[in-house]
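Take a look at the chain below. The walk-through starts with the whole fold and then turns to its parts.

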Amino acid sequence: DCLIGDGIPICGAAGDQQSALFGQCCFDAGDVKNTYGTGCFMLMNTGNKVISSSHGLLSTIAVSLEPGKVQYALEGSVFVAGASIQWLRDELKIIPSAPESERYCREVEDTDGCYVVPAFTGLGAPYWNSSARGMIVGLTRGTNRCHLVRATVESLAYQTADVLTAMEKDSELQICNLKVDGGASANDFLMKFQSDLLNTEVTRPECVETTAMGAAFLAGLCTGFWKDKEELRENWSVGHVFEPTMTKEERESLLGGWHRAVAAALAWADYRA
């Protein structure tokens, strides 16, 4: 075994997103987690099967707990998620703090038809276009600060929906629950909107620091602190479950508008004078 310091064994090694997947107890094929950080990172456990994506996702190793036994995952990355809220705060200066974005979102009934595509560094999965740039579309004379904040927050959910749709197509599975973590998962408005947009339950654990939790789980299994994965499941606890209430017609209309906005960002990337 590798040792550091005064005889301390290294009992687990994992990338941050794989660790978060394990920390969310996504042990079975079809289990999905999404981390809302500066970007968004979604992984789906695909069991012992490597799925080669046809819809812009990556295949990766999820975990290996025993020699020769490997579980795999599909991964989709969104370049800009929480960073767009920081943009509202630091560059546009229209919110005093990131948590305040939730209050602004609740001050209006909708975005007044406005969409924000935060392609500040291009678009990640499932589009993979580094030349795309940010768009604000659907502006009217009545669009105000709250509409713009809400449209930016909603963009996190739209980008997540695009990635999950790609995962469902690749895996041929329909997801009934999405586990969430990361800083922006504390935003109840965003999590409820995410549930509505996906038409599925969104589950936020009590501990959203799931990358650290996954590393602890891996080390604990190796040292015998925890007996097995069932004991880990008992240690994992639900903080809140968000359930969808949006109608199919409203969901399809919102997603249709989002995809028109994305098409505008991609058209900008393709434009040549």
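What follows goes from overall dimensions to strands, core, helix, cysteines and backbone details.

This is a predicted model. The chain holds eight helices and eleven strands. Its C-alpha atoms fill a box of roughly 65 × 40 × 35 Å along the principal axes. Is that spread in line with a compact globule of 273 residues? What radius of gyration would such a globule have? The expected value is near 19 Å, and the chain has 20 Å, so the two agree. Of the 273 residues, 48% count as buried. Sequence-distant contacts are frequent here: among contacts between residues at least 6 apart in sequence, 71% join residues at least 24 apart.Start inside, with strand β3. Five of the five residues of β3, residues 32-36, are buried, so the strand is largely enclosed by the rest of the structure. Which residues cover the two faces? Val32, Asn34 and Tyr36 lie on one side, and Lys33 and Thr35 on the other. Every one of these is buried, so both faces of β3 are covered by that count.

Next, look at the neighbours of β3. Strand β4, residues 40-47, pairs with β3 in the antiparallel sense over five bridges. The two strands form a hairpin, with three residues between them. Strand β9, residues 177-181, runs parallel to β3, and three bridges join the two. Thr35 serves as a reference point for both pairings. In β4, its bridge partner is Phe41. In β9, Thr35 stands opposite Asp181.

Two residues of β3 lead on to the core. In soluble globular proteins, nonpolar side chains tend to be buried together. Here the largest nonpolar core has 59 residues. Val32 and Tyr36 are among the residues with the most contacts inside this core, along with Val117, Val149, Met167, Leu178 and Leu190. Which helix gives the core its largest share? That is α4, with 13 residues. Val149 touches Leu88, Ile94, Ile95, Ser101, Tyr104 and Cys105, leaving aside residues up to four places away in sequence. A second core of nine residues is separate, and includes Phe22, Val63, Phe217 and Leu218.

Now turn to helix α8. It spans residues 248-270, which makes 23 residues. From its first C-alpha to its last, α8 reaches 32 Å. That is close to the 33 Å expected at 1.5 Å a residue. Which residues of α8 are buried? They are Arg251, Leu255, Gly257, Trp258, Ala261, Val262, Ala265 and Ala269. The spacing has a general background. An α-helix has 3.6 residues a turn, so residues three or four places apart point the same way. What covers the buried residues of α8? The cover includes strands β7 (115-117) and β8 (135-137). It also includes helices α4 (145-171) and α5 (188-198).

The cysteines come next. How many disulfides are there? The count comes to zero. Take Cys105, which Val149 touches. The closest cysteine sulfur to that of Cys105 belongs to Cys146, 8.5 Å away, and this is too far for a bond because a disulfide needs the sulfur atoms within 2.5 Å. Cys114 is in no disulfide either, as the nearest cysteine sulfur, that of Cys105, is 12 Å away. Are these two residues buried or exposed? Cys105 is buried, with a relative accessible area of 0%. Cys114 is buried too, with a relative accessible area of 1%.

Finally, check the backbone for special spots. The peptide bond from Ala125 to Pro126 is cis, with omega near 0°. Pro126 sits in the loop between β7 and β8. Those two strands are also part of what covers the buried residues of α8.

Two further residues have a positive phi of about 55° without being glycine: Lys93 and Asn199. Where do they lie? Lys93 is in the loop between α2 (82-90) and α3 (101-106). Asn199 lies in the loop between α5 and β10 (201-205). How do the two fare in accessibility: buried, partly exposed or exposed? Lys93 is exposed, because its relative accessible area of 62% is over 50%. Asn199 counts as partly exposed, at 45% relative accessibility.

Conventions:
Residues are numbered from 1 along each chain as its sequence is written. This is a predicted model: local features need pLDDT of at least 70, side-chain atom pairs count only at pLDDT 80 or more; totals for chains, interfaces and linings use all residues. Side-chain values use heavy atoms; hydrogens and water are left out. Helices (H or I, at least four residues) and strands (E, at least two) are DSSP runs, numbered from the N terminus. The expected span of a helix is 1.5 Å times one less than its number of residues. Buried means under 20% relative accessible area, exposed over 50%, partly exposed in between (1.4 Å probe, protein chains only). Contact means heavy atoms within 4.5 Å. Two strands pair if DSSP finds at least two bridges between them. A nonpolar core is a set of buried Ala, Val, Leu, Ile, Met, Phe, Trp, Tyr and Cys residues joined through side-chain atoms within 4.5 Å. The radius of gyration is taken over C-alpha atoms; the globule rule is 2.2 Å times the number of residues to the power 0.38.
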